[in-house]
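Reader: I am new to this structure and would be grateful for a close look at a single part of it. Please begin with one charged side chain and its partners, and then show how the surrounding chain is arranged.

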Amino acid sequence: MFRFLLLCQLFVFCKQESPTGHLQPLGSHRPPEGAIKSVEHVPTPQEFYNEYVLKGQPVIFKGAAKLSPGFQLWSDSYLREKYGDVIVRVDYGKKENRARPADNIALREFLSIYNDSDRYLVDTLPEEMWPEFSLPSCLLCGGFTSRLQDAVLWYSSGGSKSFLHMDTVDNINCMISGVKQWFIVDLEHTKLIDMDHGEGDYCSVNVDKVDMFKYPSLQNLPWWFARLEHGDCMFIPYG
């Protein structure tokens, strides 16, 4: 009699566990290290330079944008009446898309469509509007104005998002209306970000659904939180 021993091998396929934050919004992988510092006053130019510019330290100046004339004036109706013929650049999509060029249209046309579409104005502040915009007082002496590169106007009905990116200049961002939430990375940790578009210093990761397998270094990325409310300005240092 022959006895046949049948050996059955059981193969167990284990599904790879997804890392924390996978396919979730940027920042879901870990809590923030803390909130960006806020101060209730605009510092003097000397204090601003010594405490924030030299140290590369971001800071929120609460209420600083309210000192600009445009804060009280710039409603849709006012802009339509006074600057409606000004030509501005308008993007497609509130989620930044650098692959598609913007359109040049009249500000009046943009104001008639932006509340019911995803059109998003991103352009140099029109020269006609300069008299109604003023810089925070900490920039008005000490040589800051001689080094300004641009003043940019962002305008949408809300819900806009940018790429994860690094700016190679210092910035001051002021909110005339609305709220802006920030995911901020210290310069020393930017090596953990795969800037896969070196020509623009940005990462093409989907900030709404982060692929942690494609961008594994983001799993360990420390970050800081900031919330900019209407009337606030924030200094964002190089990097």
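Author: Asp 208 is partly exposed, with a relative accessible area of 26%; a residue is called buried under 20%, exposed over 50% and partly exposed in between, with a 1.4 Å probe and protein chains only. The model is a predicted one, in which local features need pLDDT of at least 70 and side-chain atom pairs count only at pLDDT 80 or more, while totals for chains, interfaces and linings use all residues. Residues are numbered from 1 along each chain as its sequence is written, and side-chain values use heavy atoms, with hydrogens and water left out.

The partner of Asp 208 in a salt bridge is Lys 161, with the closest N and O atoms 2.7 Å apart; such a bridge requires a side-chain nitrogen of Lys or Arg within 4 Å of a carboxyl oxygen of Asp or Glu. This pair connects distant parts of the chain, 47 residues apart: Lys 161 belongs to the loop between strand E6 (152–155) and strand E7 (164–165), and Asp 208 to the loop between strand E10 (202–203) and strand E11 (224–229). Helices (H or I, at least four residues) and strands (E, at least two) are DSSP runs numbered from the N terminus. Lys 161 is also partly exposed, at 37% relative accessibility. Lys 95 joins Lys 161 and Asp 208 in one network of salt bridges that share partners.

Nine salt bridges are found in the whole structure. Side chains of opposite charge can pair when their charged atoms come close. One of the nine joins Asp 103 to Arg 119, with 3.0 Å between the closest N and O atoms. Here too distant parts of the chain are linked, 16 residues apart, with Asp 103 in strand E4 (residues 103–106) and Arg 119 in the loop between helix H4 (107–113) and strand E5 (120–124). Asp 103 is partly exposed at 26% relative accessibility, whereas Arg 119 is buried at 12%. A further salt bridge joins Glu 33 and Arg 30, at 3.2 Å from N to O; Glu 33 is partly exposed with a relative accessible area of 42%, and Arg 30 is partly exposed with 29%.

The strands named around these bridges lead to the sheets. E4, E3, E5 and E6, in that order, form an open four-stranded sheet with antiparallel pairing; two strands are said to pair if DSSP finds at least two bridges between them. E4 and E6 are its edge strands, each pairing on one side only. On average, neighbouring strands of this sheet are turned by 35° against each other, direction ignored; axes are lines fitted to C-alpha atoms, for helices over the stretch in contact, and angles run from 0 to 180 degrees between N-to-C directions. Within the sheet, strand E3 (residues 87–91) pairs with E5 in the antiparallel sense over two bridges, and Val 90 has Leu 121 of E5 as its bridge partner.

A second open sheet has four strands in the order E1-E2-E12-E8, with mixed pairing. E1 and strand E8 (171–174) are its edges; each has a single partner strand, so one side of each is left without a neighbour in the sheet. Strand E2 (residues 59–61) pairs with strand E12 (residues 233–236) in the antiparallel sense over three bridges, where Phe 61 has Cys 233 as its bridge partner. On the other pairing, four bridges join E8 to E12, which run antiparallel, and Ile 172 stands opposite Phe 235 in E12. Cys 233 and Phe 235 point one way from E12, Met 234 and Ile 236 point the other way, and all are buried.

Cys 233 also belongs to the lining of the largest cavity, together with Ala 64, Ala 65, Ser 68, Phe 133, Ser 134, Pro 136, Cys 174 and Ile 176. A cavity is a set of points, on a 1 Å grid over the protein atoms alone, where a 1.4 Å probe fits but cannot get out, and lining residues have an atom within 4 Å of a point. The structure holds one cavity of 30 Å³ or more, and the volume of the largest is about 40 Å³; grid points are joined across faces, edges and corners, and the volume is the space filled by probe spheres set on them.

Finally, an unreviewed UniProt entry lists residues 124–239 as "domain: JmjC"; its positions follow the numbering used here, feature names are shortened, and annotations may be inferred rather than shown by experiment. The end C-alpha atoms of this span lie 21 Å apart, and the span is 0% helix and 25% strand.

Definitions and conventions. 1 Å grid on protein atoms, 1.4 Å probe; cavity = no way out; pocket = protein on both sides within 12 Å on 5 of 7 lines; lining within 4 Å.
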